[in-house]
Amino acid sequence: MTLRTIESLGELAGKRVLVRCDLNVPLSDGFITDDGRIRASLPTIRELIAAGASVVVISHLGRPKGEVQAEFSLAPAAHRLGELLGNDVAFARDTVGESAQQTVEALQPGQVAVLENLRFNPEETSKTDAEREAFARRLAAFGDAFVSDGFGVVHRKQASVFELAAALPSAAGRLIERELAVLERLTERPERPYAVVLGGSKVADKLGVIEHLLPRVDSLLIGGGMLFTFLAAQGHRVASSLLEADQLETVRGYLAEAERLGVEVVLPSDVVVASRFAADAQSEIAASDAIEETSFGTAGIGLDIGPETAERFADVIEAARTVFWNGPMGVFEFERFAEGTRVVAGALASASGFTVVGGGDSAAAVRALGFADDDFSHISTGGGASLEFLEGQRLPGLEALGWQ
Ligand code: ADP
Ligand code: MG
């Protein structure tokens, strides 16, 4: 079966449509620092409004762990959505409570409401099927149909992603359609050479991806927090840098497998070492085999790839016909450690091949560094979701929409 799209829902005029968006935007002191995910949600919402439906947007933000926490309120995202739509957006102070009930009931055709953070309710991410099902039924009561468009969460078996799709007539939104079209292009005979660049801090999550990517790619470039586990696997000391000590054997296995398959694994030859984890830390550039030999000794923390490595990565990226990049090369939030990410982003931007950036922080990083969305072939709104798709895994949120 193929993905059910909005067309499959039939006539929507006068209907109330629940839309699962991914409005999980980065916030700093209550201000949205990158509204990319909200903008990515617009095509579906606009289309439903134009069709005469009223739209109830549901989303999560951050990881409030099932408790109401003001800092994770969706209120700023709802406000921004209203600005982008050029229309008032109603906001419910709870997800399935009285405020949500009243807000939804007051909604007229063509109007939009946002309900409070789904993850303020422990049932949303419960491990118990029955709890998620019950929560999905309460959400389903708010709509006549369900459009799933939160690409960043399709790899999660959560109430608003999986169970809700079964509780109402459901279809994928335009964002999910678009994301899938790009990812298929990366999996079905990508133009070669094909380079994958991995970084970021969710090291344990991302290491698993490598095994599946190795048979498919020509070059694998390793930066970000995970590079230290690779250097350690090669016998180097990494001082106080991020390290998954229990993954060393696994990583050695990947390196051996890469060699057997003829895949080039490009590991950093130099890194930027900081005196501590802070924006104003002192820093020195060290060769990858001499990270403990800076003046910070074993207290040093590797927070970026070095300049020589960045240049080498840029060469491989520019020579590739297909590039997928997930995970910043360093702690780009601190200007002093953003250079590796800046050089890699610049290489993707100037590459003539098909270039895809995936991952919430990676997308935020390229925008914060001043790149435009159209400098890349595609900026994916989902990091984990796109990685799992590329791994060939079955994604519950897509299967619930007919995808196989
Ligand atoms: P994405 O959201 O793009 O999938 P991740 O969530 O895996 O990426 O990682 C993003 C984070 O990784 C950023 O906040 C960045 O500061 C951090 N990071 C990158 N390099 C390092 C490093 N060497 N040490 C610690 N954190 C790092
Ligand atoms: Mg992230």
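Trainee: Which residue just after H12 takes a positive phi?

Mentor: Gly370, at about 95 degrees. Helices (H or I, at least four residues) and strands (E, at least two) are DSSP runs, numbered from the N terminus. This is a predicted model, where local features need pLDDT of at least 70, side-chain atom pairs count only at pLDDT 80 or more, and totals for chains, interfaces and linings use all residues. Residues are numbered from 1 along each chain as its sequence is written, chains are lettered from A and ligands numbered from 1 in the order in which they are written, and side-chain values use heavy atoms, with hydrogens and water left out.

Trainee: Which residues of H12 are buried?

Mentor: Buried means under 20% relative accessible area (1.4 Å probe, protein chains only). In H12 these are Ser362, Ala363, Ala364, Ala365, Val366 and Arg367. Among the elements that cover them are helix H1 (36–50) and helix H11 (339–350); covering rests on contact, meaning heavy atoms within 4.5 Å.

Trainee: Which side chains make polar contacts with ligand 1?

Mentor: A polar contact is a pair of N or O atoms within 3.5 Å. Oxygen atoms of ligand 1 pair with the side chains of Ser362 at 2.5 Å, Lys206 at 2.6 Å and Asn326 at 3.2 Å. The protein covers 90% of the 590 Å² of accessible area that ligand 1 has on its own (Shrake-Rupley method, 1.4 Å probe).

Trainee: Which element gives the most to the shell around ligand 1?

Mentor: A residue is near a molecule if one of its heavy atoms lies within 4 Å of it. H12 gives the most, with three residues.

How values were computed. Polar contact = N/O pair within 3.5 Å; in protein donor to acceptor, adjacent residues only side chain to side chain. Buried < 20%, exposed > 50% of the residue type's maximum accessible area, 1.4 Å probe, protein only.
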